[in-house]
Amino acid sequence: MRFEQPKTYSISLTGWGFWLGSLAVAALLTGLGLGWLMVGLVSLLLFLLSLPLLVLLAFRWWARRWITTDRCPVCGSEAQALEGSHFFCPSCGEPLFVADGYFYRQTPPGTIDVESGEESSWELPS
């Protein structure tokens, strides 16, 4: 005994067919008094399409607020770091920390910082 497969019909909604079908469904829902449903669906679609842009703008705002660009106080090379972080200068290896948008050296308490290359103007008492 041989069983025959039932005939099936399908509609391909690719390209223009998808948009025309969507427009027909929207017109049908609006005609039935369900325009509020279409407004909600379109609003949801617009929100989902704009979500990547909103995430990008939020990340740029965060980066401008928390990432500091300054010069190393020892070697003068430019670097970037997060506000409030401790790090090493990528050029000279000096330990630095970031506070109020500037880089500062991490020196132990009681350390006297001496600049090199300049002659002092004081003389020893005789």
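# Notebook: burial, pairing and contacts in a predicted chain

I began with burial and noted that buried residues make up 13% of the 126 residues in the protein chain. The model is a predicted one, and I kept that in mind for every entry below.

**Entry 1. Overall layout.** I looked up the secondary structure and found two helices and five strands in the protein chain. Read from the N terminus, the order of elements is α-α-β-β-β-β-β. I then took the accessible surface of the protein chain, which comes to about 11400 Å², with 64% of this area belonging to carbon and sulfur atoms. For the contacts, I considered those with a separation of 6 or more; residues 24 or more positions apart account for 16% of them.

**Entry 2. Helix H2.** Which residues make the nonpolar surface patch of about 830 Å²? I listed Leu44, Phe47, Leu48, Leu51, Leu53, Leu54, Val55, Leu56 and Leu57. I chose Leu51 from this list and placed this residue in helix H2, which covers residues 35-66. The relative accessible area of Leu51 is 35%, so I recorded the residue as partly exposed. I next turned to Ala63, which is also found in helix H2. Is Ala63 buried or exposed? I recorded Ala63 as buried, because its relative accessibility of 17% falls below the 20% limit. I also took a distance from this residue to Leu82: the two C-alpha atoms are separated by 8.8 Å, and the residues lie 19 apart along the chain.

**Entry 3. The hairpin of E1 and E2.** I examined the pairing of E1 with E2 and found that the two strands run antiparallel, joined by five bridges. Which residue of E2 is the bridge partner of Asp70? I identified Ala79. I then followed the side chains along E1 and saw them alternate. Thr68 and Asp70 point to one face and are buried, while Ile67, Thr69 and Arg71 point to the other face and are not buried. Between the two strands of the hairpin there are six residues, and I noted that Gly76 takes a positive phi near 85 degrees.

I stayed with this loop for Ser77, which lies between strand E1 (67-71) and strand E2 (78-82). Ser77 has 17% relative accessibility and therefore counts as buried. What does Ser77 touch, leaving out residues up to four places away in sequence? I recorded Asp70, Arg71, Cys72, Cys89 and Ser91. Asp70 thus appears in two of my notes: as a buried residue of E1 and as a contact of Ser77.

**Entry 4. Cysteines around the E3-E4 loop.** I located Cys92 in the loop between E3 and E4. With 37% relative accessibility, Cys92 counts as partly exposed. Leaving out residues up to four places away in sequence, I found that Cys92 touches Cys72, Val74 and Cys75. I then checked Cys75 by distance: Cys92 and Cys75 are 6.6 Å apart from C-alpha to C-alpha, and 17 residues apart in sequence. I noted that Cys72 is listed among the contacts of Ser77 and among those of Cys92.

**Entry 5. Aromatic pairs.** I counted three aromatic pairs. Why is the pair of Phe87 and Phe103 edge-to-face? The ring planes stand at 70 degrees, which is over the 60 degrees required, so the pair is classed as edge-to-face; the ring centres are 5.0 Å apart. I noted that the pair links distant parts of the chain, with Phe87 in strand E3 (residues 86-88) and Phe103 in strand E5 (residues 102-105), 16 residues apart. Phe87 is buried, with a relative accessible area of 16%. Phe103 is buried too, at 5%.

**Entry 6. The salt bridge.** Side chains of opposite charge can pair when their charged atoms come close. How many salt bridges are there? I counted one. Its partners are Glu94 and Arg105, whose side chains meet at 3.1 Å, N to O. This pair likewise links distant parts of the chain: Glu94 lies in the loop between E3 and strand E4 (95-99), Arg105 in strand E5, 11 residues apart. I compared the burial of the two partners. Glu94 counts as buried at 16% relative accessibility, whereas Arg105 is partly exposed, with a relative accessible area of 29%.

Conventions: Residues numbered from 1 in each chain as written. Predicted model: local features only at pLDDT ≥ 70, side-chain atom pairs only at ≥ 80, totals over all residues. Heavy atoms only, no water. Patch = residues over 30% accessible without salt bridge, like charges linked within 9 Å, V, L, I, M, F, W, Y side chains within 5 Å. Areas by Shrake-Rupley, 256 points an atom, 1.4 Å probe, with all protein chains shown as cover. Salt bridge = Lys/Arg side-chain N within 4 Å of Asp/Glu carboxyl O. Helix = DSSP H or I, 4+ residues; strand = E, 2+ residues; numbered from the N terminus. Buried < 20%, exposed > 50% of the residue type's maximum accessible area, 1.4 Å probe, protein only. Contact = heavy atoms within 4.5 Å. Pairing = 2+ DSSP bridges. Phe/Tyr/Trp six-rings, centres within 6.5 Å; stacked < 30°, edge-to-face > 60°.
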